[in-house]
Amino acid sequence: MVAVSDGQRPGRPSTAVGAPVGHPLLSVSLTAMMDAVGAHSGAVYLRVAGEPVLEMAVVAGLPRSFAAPWERVGLSAPIPVAEAVRERRLVWVGGEEDMARRYPRVAVVLPYPFALAALPLATGTGVYGAVYVTWPGSHPRELPDEERHALESACARLARRLERAAERNRRLPPENDPLDTGALGGAADALGPVEAVRMVARLPYGLCSLDLSGRVGFVNAAGAEMLGLPADDLLGTQLRASVPWLDDPVYEERYRAALLSQVATSFVALRPPSDWLSFRLYPSTNGLSLRISRARGVSQPRPAGRGQEDAPGRLVSMSQALSLAGALTETVSVQDVVRLVADEIAPAVGSRALALLGARAGRLRVLGHHGYPDPRVVERFDGMPLTAPTPGAHAVRNGVPGFFDSRRQLEHLYPARHATPDGFAAWAFLPLIASGRPVGACVLAYAEPRAFSTHERAVLTSMAGLIAQALDRALLYDVKHQLAHGLQAALLPPSLPPLPGIEATARYLPATRGMEIGGDFYDLVPSRPLPAAVIGDVQGHNVTAAGLMGQIRTAVRAYTTVGQEPAEVMRSTNRLLIDLGAELFASCLYLRLDRERGRAVMARAGHPPPLLRRRDGRVRVLDLAGGPLLGIDAEATYATTEVDLSPGCVLALYTDGLIESPGVDIEDAVAELGRRLGEAGDRSLGELADRLVGHFATAEERIDDVALLLLRSRPRD
């Protein structure tokens, strides 16, 4: 069936079944599209009814197993076909480097030179699916206009056909993948004239023809002899299934590389016990020609294949594992892991809902869930003892997976589930084991009864191992993140105290590298007779810097409270750092506020100069006298400067994270900050602060902490 996206989550289509479309619409459209632009492979995806998922309907030019990790993809997945649907536009990937930069997860599984175009199948009323086509790496890096136009026109025509089929309730029957003609009958069928067959038979090296699925269509006598099997035993079989010593991932990778890049590849393999053979693969759009000869000069033996397996099955699980591993390396927090499993893994295995479970203090914890119509069905397990008779607790406690093909099977083993149905019909409870210890469980729920095959159980269990590693890292990250933010919150003032005649606001943004904890600090001290303000920056972004920052802030408060003058506060704090034996330095700016006189007395220790915005909008950089960084010279002195702070003036104190950028001169950066301060007008201090730190607050990466303290002198009553 065809599903439609109209901006809402699509519902399940009508159960009425119309007449089927009269011919293989998708296959014919795809092959015509490929012929029009000279593409060598492609696929058509259709929307899945009731799910935000694309499902591969037909694939041409390559074995379906090559695209196994993407047979079902979530619309939010970072791959070209999903992006084409999300953005309703053609997505062009010009080559291997472009793919690695923009779609690294695809490049991990298919690290070969090829170009790709993905387009949505969309009309004015909805999106019905997507198409991708590929070219060899020799294709121009930019998509020619004529090829772009041909693809867009063909996709528009196919989308209109799908729209009409949906309107008339005409179903699309399953279609065979095109360009897959099956094994050839023999040498005469493959090579034609008898003389050509005789010529091939006389050659001293082996020749073999493979179709897109790797099945042998022809092999000459020399090739059969080198492979060690009669020709009749090879014809119609997959080469790696018939010849066990060729069943090796290295050789499979060369086969994939040749078909996808349409460039000849080669490898050397050991035929037991000691014969080395050279294989040269010549690809085309309908298969491969294989040249086999004796290899020379091979000194180091290569390990033999891993034994006979079903090649497509092994390839699918390997590709899924590679794709998933690449995706999981990008996750950071527990919620990142939940989103990845929900958006990419669950759709790929046909699951409609999932839950990630953890364990703490002997109790089950629901770390996240997705797809359950009633969240309470899952959340009620949070806090349940691990000894409870539930399949989730059993998986976490014992580390043994549970696969339940039907509700009847689940409720037979766990009768308590009779009273708590979740609306699904089959389940996989996968223990998440990291470093030999259980860290949780992944629960996958399916809408229909499902017979889990041995292969599917193995793939799901392997996926669970990768999820476990990511979840273990994420749990540790979340703990560190909470610790860092808790420590930072404890060391910075929770709020600024009110000061008579002074309005104040502050902003703090941690660096995005490391633990997101740093040494920038600020404070207001409501001392008598005159209040004080301070801002500073301790070297580093770690717990040591944060701890030293807390000591400096406490020291400044203490010295201010006992009545020391600004210069003496700086000298005393400097001596304290040296006495503590700290190996870190700190910059600092300290000022005493005299609202009655409209003045501020400042002392500076290697800190960026403050900015003063006057009531008329002019901004001045206060180039204050000062001394060295705190913690360097025990005998250092710090001169003071008195500046005007008349009513309506705004004083901006900041740390270097607000002005330092790679390749930008510090003076230019300070001038730019002053310009933005001057253009802000008479905004509230909160709006002004947000404006000054705006682009830092939304930046994905900050190399340094940012602290900002704004002070405005209010007019006297």
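These entries record what I looked up on cavities and aromatic rings in a predicted model.

**Entry 1: cavities**

I began with enclosed empty space. Rolling a probe the size of a water molecule over the atoms shows where such space is left. I noted 4 cavities of 30 Å³ or more. The largest cavity has a volume of about 250 Å³. I then listed its lining, which comprises 21 residues. Closest to the centre of this cavity are Trp70, Val106, Leu110, Leu116 and Tyr132.

Next I asked which elements give two or more residues to this lining. They are the strands β1 (41-47), β2 (53-60), β5 (114-122) and β6 (127-136), together with the helix α2 (80-87). Strand β5 provides the largest share, with 3 residues.

I also sorted the lining of the largest cavity by class. I recorded 19 nonpolar and 2 polar residues, and no charged residues.

**Entry 2: a stacked pair**

I turned to the aromatic rings. A pair of aromatic rings is described by the distance of the centres and the angle of the planes. The structure holds 10 aromatic pairs, and I examined two of them in detail.

For Phe267 and Phe279 I noted 5.0 Å from centre to centre and 10° between the planes, and the pair is stacked. Phe267 belongs to strand β9 (residues 265-271) and Phe279 to strand β10 (residues 275-284), so the pair ties together parts 12 residues apart in sequence. I found both Phe267 and Phe279 to be buried. These two residues also form one aromatic cluster with Trp245.

**Entry 3: an edge-to-face pair**

How are the rings of Tyr372 and Phe424 arranged? Their centres are 5.5 Å apart and their planes stand at 85°; angles over 60 degrees count as edge-to-face, so this pair is edge-to-face.

I then located the two residues along the chain. Tyr372 lies in the loop between β13 (363-370) and α14 (376-379). Phe424 lies in the loop between α16 (407-413) and β15 (426-434). The pair therefore links distant parts of the chain, 52 residues apart.

Are Tyr372 and Phe424 buried or exposed? The cut-off for buried is under 20% relative accessible area. Tyr372 counts as buried because its relative accessibility is 10%. Phe424 also counts as buried, at 9% relative accessibility.

**Entry 4: charges over rings**

Finally, I looked up charged ends that sit over rings. The charged end of Arg256 sits over the ring of Phe66, 5.0 Å from the ring centre. For Arg291, the ring beneath the charged end is that of Tyr205, and the distance to the ring centre is 4.0 Å.

Notes
Residues numbered from 1 in each chain as written. Predicted model: local features only at pLDDT ≥ 70, side-chain atom pairs only at ≥ 80, totals over all residues. Heavy atoms only, no water. 1 Å grid on protein atoms, 1.4 Å probe; cavity = no way out; pocket = protein on both sides within 12 Å on 5 of 7 lines; lining within 4 Å. Points joined across faces, edges and corners; volume = space filled by probe spheres on them. Helix = DSSP H or I, 4+ residues; strand = E, 2+ residues; numbered from the N terminus. Nonpolar A, V, L, I, M, F, W, Y, C, P; charged D, E, K, R; others polar. Phe/Tyr/Trp six-rings, centres within 6.5 Å; stacked < 30°, edge-to-face > 60°. Buried < 20%, exposed > 50% of the residue type's maximum accessible area, 1.4 Å probe, protein only. Lys NZ or Arg CZ within 6 Å of the ring centre and 35° of its normal.
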